[in-house]
Structure formats: structure tokens, C-alpha cells
Amino acid sequence: MKLSIKKSVVFVLSLFFCLQSFCQYPPAQGPQPVIPGTGVKELPLFIVTNLLKIKMRDSIIPAINAAIRAQGPPVSITVSAVITQRKPTMAQTQYIDQPNSKYVTMPYKVDYKLNISGYPDRHVFQNLSIDISSKDWYANQGGMLTFSLNAEKPYLDGPSFAEQALNFFIGNRLTSLVDSKIRSYLPNAIRQALPVTLLDRRCNRLNVVVPSNDAPEYQNSYIQYQYKPVRNQGLTVLNTINVSVKSIRRLKARNYEANTILYDSSENINIEFFANNKLQTFDVQQIREDQVRNFPDNNMVVAKPASTGSLILLATITQSNFLRESRYVEFKVNKSFGNGTQKLIVQKTFISKPFQLPGGGMSKPQTIPVDAYEFTVQVTVHNQELGVSQ
């Protein structure tokens, strides 16, 4: 009994540790909001909504109806759509193995009405969004405003009351017939660019203005975007941070239940190391536990963040079998943006075996993280009195 309780505590703590540190994605550092003044451009979002409606009317719906006609179903099905706009917001990408960025997302709900000859209408719903981002916002010359249409897999609404009543009299065959036919014609999830023509799309700052939180006033929302040159028109010794990856040490990472090495006794690995949005890559061959490999001279120069910003170091290790693991550390101004020698530890994982709980039941397998690689990194912050906006 005592052993089971001890195991329970170990696995609960391990799972908590995974949720708190192993599975998180690094916070987005930009693009920052627009600064009032010169160079601010505005785009009313109803223009983007109208483009979506045109694309739905002229491309997506005709394609669905053409597919239905080509298949020649035993019942006549015609599809139309109603688009309902929801509140636009700022969001951020959620990558674990690369830097993240903020973007404006405009969510919609699409109601595909399926008119079926001889049967009650059915409805297919789809959640989609138009995402507006500043691609490569961190570059000295600024990024480019981009638009993408992203949609989830549609889902079929349940049968109406009239259809349920009709099913009672025809042996419950109607619903299965309609479901099978409709599902074969559902549009797949959409992932595509949305063509938006603007005279000047260069920007490194972006935000959304929502005048009212009440629907349908969302259509009066608009985005603001702006290109604001980096201070001193570039990076100098006064407004930069230098990051150099010095070495990697392979730690003793074990599946402590089986006392086996994670993953191989000798490993060939590829390393992607980010300092904010700057990247260095390394290949390490035949590294064993307790071995240290020094890297050749390297230097990533990043703009020093404003006092509200941070330096994020992110490492991803890819094994020869393409298994990838990532970890990041963040240094804010109260930690001098990491000035000095820093350590970053990347973990491996194993799946725990089920064990008997004190109450008599069995635990579920859990993903357990184990410290596996230790990077040594030298961070040099120039002019620590200065905070530079990106």
C-alpha cells in the first residue's frame, strides 16, 4: 500500500511538471500594437468579410453543388450558405518548436442549408476564421500584411423534429440515408490564402479596434497596421543582445521504471536554436550520456527588447527517427534579459506503466518528462540602461 501511494505521488507530480513546463509554448513577442502618429493605416474588416462572402458564393458553394450533381445522388440536394460574423480579437500562434507571433483573427460560423427534395432541410455547420498577420514582422525592413482563410471540418446538425417523426413511419431509414448522402458532400477543412489587394502592406505593428462588443456591430471593427523603423534604423552595439551557443551536454535520461536509456546509447541529433527570431542550427553525431560537445563560434544578434519585452531562448532537438522535443526559457528586464552564462535543458519522455491505485483501480499511462540535454549559452546585453522598442 505504501509503495502504491508513493508511486501515485510521483506520477501526479510528474504530470503536473509536464503541464507546467514541458508542454507550454513560448509567448509571442510581436508584432507590437500600433503607435499613434504617422504611418498608421486602417482596414475596415467589413471589406474582408465581403471578400469571404464572395469567395463562398462564387467558388466554394458552386464547387459543392457541382460535386453533388456529378455524383448523381438518388435525391436532389442543393446547398446554400449563411455566414455569421463573430467578434474579432488578437490571438497568437501556439508553436512549441519555433517562435510565436500575434495576429488578428476574425471568426465566423457558416450555416450550409441543404435543400433535399422530398425531405426536410438539413444543416451543416462550419467554424472558420480569417487570420490577418504581419509575416516576418521582426525583420529590419518590416513584414508584410497577409490574410489566410482557415476552417475546421464541418459537422452535421441532428435531424429535425419533422424528420424524426417521419422516421417513425418509414422504419428509421430516412435519417441514415440523408446522413450518408450529406456527409459524402461535406466540404473539407479549408486552408488557403485569401487574396486582398492593398497598395502598401509593409508593417511591423498590428492591432484590431472593436468599437462595440455587441453583435452585429462587429462589422464596424477595423485593423490598424504600421511600419515603424527599428531605433537608429538598425542594430548597433547600443541596442542589441548577443547570444552564443557554447556547448551541449547529454544527461543521463532514463526510463526509471525499466532502468533503460532514453532513447539510444549513441545518438545523432539535429539542433535548432532560436534567440527570439534568430536561428542557429547544429548537427551532433554519436553523442553518448555524460558527453559534452562544444559548438564552433556562433553569434546571434537580436534587437534589445523594450522594458516590457523579453529574450526567449528556444531549443528543439530532432532525433534520427524524427522524434522532436523542445524547451524554452524567458528572460525579462528584471533578469537583465539573461545577461551572463545561462543553461537551457531539453527533456525526453517515456510512457509510464499502469499501476494499482490505493482504492483498487488502475492508473492510466502518463507521459513522463526527464531532463536529457543541457545547453550552455552566453548572453551579452549591451548598454543595460537602454530599452529599445522593436
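In this predicted model, strand β5 pairs with strand β7 (residues 155-156) in the antiparallel sense, over two bridges. Within that pairing, Phe125 is set opposite Tyr155 of β7. Strand β5 (122-135) also takes part in the lining of the largest pocket, and it supplies at least two residues of the largest nonpolar core. This briefing follows β5 through its strand pairings, the core and the pocket.

**Pairings of β5**

- Strands β5 and β6 run antiparallel and are joined by eight bridges.
- Ile132 has Phe147 of β6 standing opposite.
- Between β4 and β5 there are 12 bridges, again in the antiparallel sense.
- Asp111 has Phe125 as its bridge partner in β5, and Phe125 also stands opposite Tyr155 in β7.
- Five residues lie between the strands in the hairpin of β4 and β5, where Gly118 adopts a positive phi near 85°.

**Other pairings of β4**

- Strand β2 (residues 77-85) pairs with β4 over nine bridges in the antiparallel sense.
- One position in this pairing is Ile83, whose bridge partner in β4 is Val110.
- Strand β3 (residues 89-92) is likewise antiparallel to β4, with four bridges between them.
- For Met90, the bridge partner in β4 is Val104.

**Burial and nonpolar cores**

- Strand β5 is mostly covered, with 10 of its 14 residues buried.
- The largest nonpolar core comprises 37 residues, and Tyr112, Ile130, Ile132 and Ile223 have the most contacts inside it.
- At least two residues of this core come from each of α2 (45-71), β2, β4, β5, β6, β10 (205-209) and β11 (222-226).
- Helix α2 makes the greatest contribution to this core, giving eight residues.
- A second, separate core contains 33 residues, among them Val243, Ile248, Val284 and Ile317.
- When residues up to four places away in sequence are not counted, Ile130 touches Val48, Leu52, Val104, Thr105, Met106, Tyr108, Ser148, Leu149 and Leu194.
- One of these contacts of Ile130, Val104, is also the bridge partner of Met90.
- Ile132, one of the core residues with the most contacts, is the residue that stands opposite Phe147 in β6.

**The largest pocket**

- The largest pocket has a volume of about 490 Å³.
- Its lining consists of 20 residues, of which Thr93, Tyr95, Ser101, Ser133 and Lys135 are the closest to the centre of the pocket.
- Strands β4 (102-116), β5 (122-135) and β6 (143-151) each provide at least two residues of the lining.
- The most is given by β5, with four lining residues.
- Classified by residue type, the lining contains seven nonpolar, nine polar and four charged residues.

**Points to retain**

- Strand β5 pairs with β4 over 12 bridges, with β6 over eight and with β7 over two.
- Strands β4, β5 and β6 each contribute at least two residues to the lining of the largest pocket, and each also supplies at least two residues of the largest nonpolar core.
- In the lining of the largest pocket the leading contributor is β5, whereas in the largest nonpolar core it is α2.

Note on methods. Residues are numbered from 1 along each chain as its sequence is written. This is a predicted model: local features need pLDDT of at least 70, side-chain atom pairs count only at pLDDT 80 or more; totals for chains, interfaces and linings use all residues. Side-chain values use heavy atoms; hydrogens and water are left out. On a 1 Å grid over the protein atoms alone, a cavity is a set of points where a 1.4 Å probe fits but cannot get out, and a pocket is an open set with protein on both sides within 12 Å along at least five of seven lines; lining residues have an atom within 4 Å of a point. Grid points are joined across faces, edges and corners, and a volume is the space filled by probe spheres set on the points. Ala, Val, Leu, Ile, Met, Phe, Trp, Tyr, Cys and Pro count as nonpolar, Asp, Glu, Lys and Arg as charged, and the others, Gly among them, as polar. Two strands pair if DSSP finds at least two bridges between them. A nonpolar core is a set of buried Ala, Val, Leu, Ile, Met, Phe, Trp, Tyr and Cys residues joined through side-chain atoms within 4.5 Å. Buried means under 20% relative accessible area, exposed over 50%, partly exposed in between (1.4 Å probe, protein chains only). Contact means heavy atoms within 4.5 Å.
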